[in-house]
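Work through the exercises below with the structure open beside you. Try each task before you read its solution.

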Amino acid sequence: MSSENARVKVVVRARPPQAGEESTISVNDDQPGLITIRAPATDGSEVTEREFLFDEVLSTNMSQVDVFEKTCKSQVDHVLDGFNACLFAYGQTGSGKTYTIFGEEGDSNQGIAPRAMEYLFASMKRRAAQKKFTVFVSFLEIYLDRLRDLGVYAGTDGADGRVEFKGSGSKPSSRPGTAGSRKSGGAADAGEPENLEIRENPNGTVHVQDLSAIPVSNTAEVMAVIKAGLTRRQTYHTLMNEQSSRSHTIVTVTVVAEGKGGDSESVTGKLNLVDLAGCERRKRSGAGDDASGIEDSNMRAKEAVVINKSLSTLGNVVMALAKGDATYVPYRDAKLTRLLQDSLGGNSYTQLLATVHPRPADAEESLNTLQFANRCRNVTTQPHINFLDADSEAQGKIIQKLMKEIAALKQEMGAQKTHYEDKLQRVKLSDLTSTIETGASGVTLDIGVDTGGEGGVGEAKSVSRGGSWGSKRGATGDKSRSATAATAGTSDANASALAEAQSLRCASFLKRDPYI
Ligand SMILES: Nc1ncnc2c1ncn2[C@@H]1O[C@H](COP(=O)(O)OP(=O)(O)OP(=O)(O)O)[C@@H](O)[C@H]1O
Ligand SMILES: [Mg+2]
């Protein structure tokens, strides 16, 4: 269990360059985490080479299964242990976020979501003797800054995961469940999209009012929900991407693990898989340009403005969190950041998966993505186990607070130990004369100890130097030597601290030393 700070893990994936195309990105397998980009300077004048170091940089030809292993697998483990975890894909339009999160038809093209579910259900089977698991899935879309429940379209008919699609898509697609390009406004929803509300919980976290949480018992059922939702997700053709996501989506998989007696505790964890819409330049995507030939270019322009605004808020939130001591984090400036508040700066193990396109035309955007990713590396979160009881959130917070207090106390004790050891090194007990210098006051204390008393019991003689302060103890038969006297110019606190230290040191020394 942990409630310590965890740094956001940053992984970069560069999609492979197209045949015959130059690449601005180099990844060297001998230097893990290093990525080099050739991009124009900010004033556009000259192309320079820049290097960034991340937790992982995935080689351009890395398979989808290896991408899952390097990223989300550990997040699923966290969720099974009762933590919240989040993986969010960020990058310019067309750089491969949706491909990475959801993937495409065909086994080798499957993305992180189906692989994470396979791994989750297989892991739950292995732990079935200790825990009873229940799983729920929600699928949310943020389109034009409105919240829409994509889970309501789930119509599975059982374990085979077949989905009865409501509504229609206009074009077949290789992407699971996607309808391809559609008419503006969404297939089922004439006019404005749904607008679910965000509500704050008593502990400061948020939830979406009335969002479906669908009970699922295997991968096929989860994927049926996801596929049905993807069919209704807002994707449209732009000049930058055949199926450009015009909305942010969040798949949330909640795992409740009830202990089956013994030491097995009941916990709950959540996995958020976030596929962000990509930032785009309207000139390049054709949005807002009637001559571009893309469908309803004005609507695409409206979407682009809303997408870019929410991503810019995400940038501001990360900038504030990366500072570490920011007093104000603008979570409330966008629904996206409000919903991801806990994932970005709270109770979650969080990973950023930054996707970049190696085309020279995309170099500037790729550089922006890497700079955003670099800032995310400085963000820390505070994951803790979510115990399942009457007030699990409150309990989690108490544990987190106590862990912090213990850490602070340990640190304080360590500092005091060092302080006393430093002082006591100066005590010359071997010849029974000690000199203790007080760091705070710069005062010197000499203690003379006479061992010539009866029965070998020492008697301390106080020898004061420089008119400072002396120590005196009587020949009482008590073998501990303590500096007890304080004279003018020295604080009582210093005197008693030193007395206590010396007393402790001498007590243990006396036990060992046969000469005293
Ligand atoms: N690593 C990759 N390997 C092979 N093809 C890829 C890879 N990444 C992306 N692609 C292809 O690039 C195209 C665009 O990818 P995708 O739709 O995932 O981009 P995106 O980042 O989600 O863009 P947007 O922000 O517009 O939604 C798709 O046709 C996809 O198949
Ligand atoms: Mg996409």
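Four exercises follow, each with a worked solution, on a model that is predicted.

**Exercise 1. Confidence**

Find out how the pLDDT is distributed along the chain, and which stretches fall below 50.

Solution.
- Step 1: Start with the whole chain. Its pLDDT averages 79. A score of at least 70 is reached by 72% of the residues.
- Step 2: Look at residues 180-190. Here the pLDDT is below 50. In the model this stretch has 31 contacts beyond near neighbours in sequence.
- Step 3: Move on to residues 434-516. The pLDDT is below 50 here too. This stretch has 125 contacts beyond near neighbours in sequence.
- Step 4: Draw the lesson. Predicted coordinates should not be read in detail where pLDDT is low.

**Exercise 2. The sheet of strands 3, 4 and 5**

Work out the strand order of this open sheet and say which strands stand at its edges.

Solution.
- Step 1: Write down the order. The three strands run 3-4-5, and the pairing is antiparallel.
- Step 2: Count partners. Strand 3 (25-27) and strand 5 (47-53) each have a single partner strand, so each has one side without a neighbour in the sheet. These two are the edge strands.
- Step 3: Add the twist. From one strand to the next it averages 20°.
- Step 4: Zoom in on one pair. Three antiparallel bridges link strand 3 to strand 4 (residues 34-40). I25 faces I37 of strand 4.
- Step 5: See what crosses the sheet. Helix 10 (residues 363-376) lies across strand 3, strand 4 and strand 5. Its direction makes an angle of about 135° with strand 4.

**Exercise 3. Around ligand 1**

Describe the residues that surround ligand 1.

Solution.
- Step 1: Count the shell. There are 19 residues around ligand 1.
- Step 2: Pick out the nearest. They are G96, Y99, S244, S245 and G278.
- Step 3: Assign elements. Helix 3 (97-101) and strand 14 (244-245) are the elements that give two or more residues. Helix 3 has the largest share, with three residues.
- Step 4: Sort by character. The shell holds three nonpolar, 12 polar and four charged residues.

**Exercise 4. N386**

Is N386 buried or exposed?

Solution.
- Step 1: Place the residue. N386 sits in the loop between strand 18 (380-381) and helix 11 (392-424).
- Step 2: Count its surroundings. There are 20 other C-beta atoms within 10 Å.
- Step 3: Apply the cut-off. A residue with 20 or more is buried, so N386 is buried.
- Step 4: Check a distant partner. V256 is 130 residues from N386 in sequence. In space, their C-alpha atoms are 9.8 Å apart.

Key. Residues are numbered from 1 along each chain as its sequence is written. Chains are lettered from A and ligands numbered from 1 in the order in which they are written. This is a predicted model: local features need pLDDT of at least 70, side-chain atom pairs count only at pLDDT 80 or more; totals for chains, interfaces and linings use all residues. A residue is near a molecule or strand if its C-beta atom, placed from the backbone, lies within 6 Å of it. Helices (H or I, at least four residues) and strands (E, at least two) are DSSP runs, numbered from the N terminus. Ala, Val, Leu, Ile, Met, Phe, Trp, Tyr, Cys and Pro count as nonpolar, Asp, Glu, Lys and Arg as charged, and the others, Gly among them, as polar. A residue is buried if 20 or more other C-beta atoms lie within 10 Å of its own, exposed if 12 or fewer, and partly exposed in between; C-beta atoms are placed from the backbone. pLDDT is the predictor's confidence in each residue, from 0 to 100. Two residues are in contact if their C-beta atoms, placed from the backbone, lie within 7 Å. Two strands pair if DSSP finds at least two bridges between them. Axes are lines fitted to C-alpha atoms, for helices over the stretch in contact, and angles run from 0 to 180 degrees between N-to-C directions.
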